[in-house]
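Trainee: I would like a close look at the open and enclosed spaces in this model, and at the backbone of the loops. Please take the spaces before the loops.

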Amino acid sequence: MEQSKRGEEDSGYDLFPERSSGRFKKGSIESTFTFNHRCQLMLQFAIETSPYAKLLLEAMKSSGCSVYKDRHFSCEDCDGSVSGGFDATSSQIVLCQNNILKQSHMNRVVTHELIHAFDHCTAHVHWFNNYRHLACSEIRAANLSGDCSFNNEVSRFNLGLKKHQQECVRGRALRSILAVRKIDRAEAEKVVDEVFDSCFNDHTPFGRIPHTEKDARFAHRDFHSRDRYHANL
C-alpha cells in the first residue's frame, strides 16, 4: 500500500524514526551496537522459551504464515514512548532496542506484537483504513499478551477495580490507538466500545486468557493436543 508522508505520520510511523525520514538523532555507534546486540539476544531467548511466543509462532505456521527471526523481527531505536510495533506494510515486528531493558519486558512485547501478526495473517486486518479492525487487534493483544497480568498491574499500582481485566484491556487498547492514529479521543473510545465485547472474548489461538505463564503453557499443550486430534481424523 502506498502512503504519503502525511499518511505515514497518521499511522504512527513518526514513533519509529528508522522507518520514516531518518529525523531521529541516533546515539553513538558503540551504544547502538550494544543495544542491538542485547535486543537480539533477548529476542532469541523469548522465541525459544516464552510459552506465549511459542504458541503464537506455531499457530501462525499452521495458518500458513511462518515467521523467521531475521526476516520478521527488527531491533531498532524508537521514540521514547513506545516499546514495539507491527509494521503491516512489511509484515515486520519492530522491537525498540533503546526502550526494552529487561527480558520480561521483551517477552511481553514480542507476544503483544505477535498477536497483531497473527491477526494480520488470519483475519485480513485493514490496519490503515478501518479503526474497528485496529481496535479489535489492540484489544486482543492487550488481553492475551499478559499486559494486564496481576504482577504488571501491581507494578503500575492499578488494583481494586471491578472487572479489572476488562478495564485494563480497554485502557491499553485506547492508548495504543491514540498513539498510532490521528484520531479524536471520543471517536477512539466509541470504536473501542463498539467492538469490545466480541474482541475481548476472542481468545484465538490460546483458547483462554493466559493470565500467567502457567496458563500459557497449558494453552500451548492444548494447541498441540488439538493438532494430534485432527491428525487422527
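Mentor: What follows goes through the largest pocket, the largest cavity and then three points in the backbone.

The model is predicted, and every value below is computed from it. The largest pocket holds about 780 Å³ of space. Its lining is made up of 33 residues, and those closest to the centre of the pocket are V82, G84, H112, E113 and S176. Four elements each give two or more residues to this lining: strand 2 (84–87), helix 5 (103–122), helix 6 (131–144) and helix 8 (164–180). Helix 5 supplies the largest share, with six residues. By residue class, the lining of the largest pocket divides into 13 nonpolar, 10 polar and 10 charged residues.

Next, the enclosed space. Searching the whole structure gives one cavity of 30 Å³ or more. About 40 Å³ of space lies in the largest cavity. Its lining consists of N143, G146, D147, C148, S149, Q165, I209, P210 and H211. Sorted by class, the lining of the largest cavity has three nonpolar residues, five polar and one charged.

Now the backbone. Most residues other than glycine have a negative phi, and most peptide bonds are trans. The cases below depart from one or the other of these patterns.

S91 is not a glycine, yet its phi is positive, near 55 degrees. S91 sits in the loop between strand 2 and strand 3 (92–96). The relative accessible area of S91 is 29%, so S91 counts as partly exposed, given that this class lies between the limits of 20% and 50%.

H124 likewise has a positive phi, of about 50 degrees, and is not a glycine. H124 is placed in the loop between helix 5 and helix 6. H124 is exposed because its relative accessibility is 60%, and the exposed class begins over 50%. Both helices that flank this loop are among the elements that give two or more residues to the lining of the largest pocket.

The remaining case concerns a peptide bond. The bond from T204 to P205 is cis, with omega near 0 degrees. P205 lies in the loop between helix 9 (185–200) and helix 10 (213–231).

Terms used. Residues numbered from 1 in each chain as written. Predicted model: local features only at pLDDT ≥ 70, side-chain atom pairs only at ≥ 80, totals over all residues. Heavy atoms only, no water. 1 Å grid on protein atoms, 1.4 Å probe; cavity = no way out; pocket = protein on both sides within 12 Å on 5 of 7 lines; lining within 4 Å. Points joined across faces, edges and corners; volume = space filled by probe spheres on them. Nonpolar A, V, L, I, M, F, W, Y, C, P; charged D, E, K, R; others polar. Buried < 20%, exposed > 50% of the residue type's maximum accessible area, 1.4 Å probe, protein only.
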